[in-house]
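Hello,

Here is the structure I promised to pass on to you. Have a look at it first, and then read on for what turned up in it.

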Amino acid sequence: MSERHGPRFDAVFANVNLATMVDGLGDLQDGAIAVHHGRIAWLGPRREAPRAAVIHDCDGAWLTPGLVDCHTHIVHAGNRSDEWEARLEGASYEDIARNGGGIMSTVRATRAASVVDLLRESAPRVQQLLAEGVTTLEIKSGYGLNVQGEANLLRAARRIGELLPVKVRTTFLGAHALPPEFTGRPDDYIAEVAERMLPLLAKEGLVDAVDAFCEHIGFSYDQTERVFAAARKLGLPVKLHAEQLSDQRGAELVARYRGLSADHLEHLTPAGVAAMAAAGTVAVLLPGAWYFLRETQAPPIAALREAGVPMAVATDCNPGTSPLSSLLLAMNMACTMWRLTPREALMGATVNAARALGLQDQIGTLEVGKRADFALWDIKRPAELAYAIGFNPCQAVVNGGVMRARDVGLPAGF
């Protein structure tokens, strides 16, 4: 349609500084961005901005891609403040897990909850992330550990993407812990995960990716590979909780399967770094868990940087080891504790996080053709996003080209 028949674009966001996240920060000051049918249709200097049905004057704000939280366990029932208190009194994470706490305490609460219960408990946590400019969210299962429990978690995750303005990617984490009905039979449980649970849930359309907890208190290298082989058979991408508490060569395994990401990585070896670099597997850094567990061995940031491994940053929002629902705080932690630069932290919550979900062709940067998901910030420079502790400078959020207020309410009757 020519402009003489009307504007070619649905909306233009003008008088704005753009952090495109293309080739680094990719800043374009005093710019504008146009959207059409929910996609970015044009961007450039404000003086060249095209006509549109609606013009938004952004008053000199900074505009970034919508933030992406690429590793969460945000849908669950209950909390584990009692275990946190026990750790402060001297118990270790392994001690608590072996005594029936840890993941299993959340499993018990989650199995007893309906999909509606899970939605009501989880929605406030999701709302906190959305208020900070998050427009895409990964949600893992892993607290049901049987077909019904895992299905309820994944259905609740899908429903969140329908009820709230956020794109949700679901990850099946059946190999998260050994449920009590399989005590002493981990191989039998892995067979249940790989041969029954995963195919059933995938057939229902509930699974976007497959994850596992490869650890001495989780599942072995060989058991994890059985899950990965089942995922490959179904055409599903894999990712992995790897090298959080010890070196299990998980990063090498997930890289061999061309996995989307290896996550945690505090005990990552040079061999794991090299394997990830060769495979293009993203390193997802989870500073909230490291902080909350009072760990002392940090991920090998310098080695990852030198090898050119993309680094994402996520909240790991979960009830036991990272009850964190602020991606901005996770960015600050990654900079303060592990010496990421503010630019790396912002890349970690945008372009690299999108890559960790296999969505780099759709989101994560401001480029023509990508989904029009943005966040508008009242800041003077992008480094401020990882600077202030407990402060949220988000002014507004754009989802699919539609601007909304920072704070998101729940639908009526929810």
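A good place to begin is a pair of strands: β13 (residues 374-377) and β14 (residues 394-399) run antiparallel and are joined by 4 bridges. Within this pair, Leu-376 has Ala-396 of β14 as its bridge partner. Please keep in mind that you are looking at a predicted model.

Both strands belong to an open sheet of 7 strands, ordered β3-β2-β1-β4-β13-β14-β15, in which the pairing is mixed. At its edges stand β3 (39-45) and β15 (402-405); each has a single partner strand, so one side of each is left without a neighbour in the sheet. On average, neighbouring strands here are turned by 30° against each other, direction ignored. As general background, the strands of a sheet pair through backbone hydrogen bonds, either parallel or antiparallel.

One residue in this sheet deserves a closer look. Asn-15 lies in strand β1 (residues 9-19), and its phi is near 55°, a positive value in a residue other than glycine. Is Asn-15 buried or exposed? With a relative accessible area of 17%, Asn-15 falls under the 20% cut-off and therefore counts as buried.

Now for the other sheet I would like to show you. This open sheet has 8 strands in the order β5-β6-β7-β8-β9-β10-β11-β12, and its pairing is parallel. The edge strands, each pairing on one side only, are β5 (67-69) and β12 (311-313). From one strand to the next, the twist averages 25°. Towards the β12 edge, strand β11 (residues 282-285) pairs with β12 in the parallel sense over 3 bridges, and Leu-285 has Val-313 in β12 as its bridge partner. Helix α5 (residues 147-163) packs on the sheet, where it touches β6 (134-140) and β7 (167-175). The direction of α5 makes about 170° with that of β7.

The next helix, α6 (residues 186-203), has several features to look at. Its 18 residues, at 1.5 Å a residue, should span 26 Å, and the end C-alpha atoms are 24 Å apart, which agrees. Where does α6 have its kink? The kink, of about 35°, lies at Met-197, shortly before the proline Pro-199. Met-197 is also one of the buried residues of α6, which include Tyr-189, Ile-190, Val-193 and Leu-201. Among the elements that cover these buried residues are α5, β7, β8 (209-214) and α7 (221-233). Just after the helix, Gly-205 takes a positive phi of about 80°.

A positive phi also turns up at Glu-243, where the value is near 55° in a residue other than glycine. Glu-243 sits in the loop between β9 (239-242) and α8 (250-256), and at 2% relative accessibility it counts as buried.

Finally, here is the chain as a whole. Its secondary structure comes to 14 helices and 15 strands. The C-alpha trace spans about 75 × 50 × 45 Å along its principal axes. For 414 residues, a compact globule would have a radius of gyration near 22 Å, and the chain has 21 Å, which agrees. Buried residues make up 58% of the chain. Of the contacts between residues at least 6 apart in sequence, 71% join residues at least 24 apart.

Enjoy exploring it!

Best wishes

Key
Residues numbered from 1 in each chain as written. Predicted model: local features only at pLDDT ≥ 70, side-chain atom pairs only at ≥ 80, totals over all residues. Heavy atoms only, no water. Pairing = 2+ DSSP bridges. Helix = DSSP H or I, 4+ residues; strand = E, 2+ residues; numbered from the N terminus. Axes fitted to C-alpha atoms, helices over the stretch in contact; angles between N-to-C directions. Contact = heavy atoms within 4.5 Å. Expected span 1.5 Å × (residues − 1). Bend = angle between axes of the 7 residues up to and from the residue. Buried < 20%, exposed > 50% of the residue type's maximum accessible area, 1.4 Å probe, protein only. Rg over C-alpha atoms; globule rule 2.2 N^0.38 Å.
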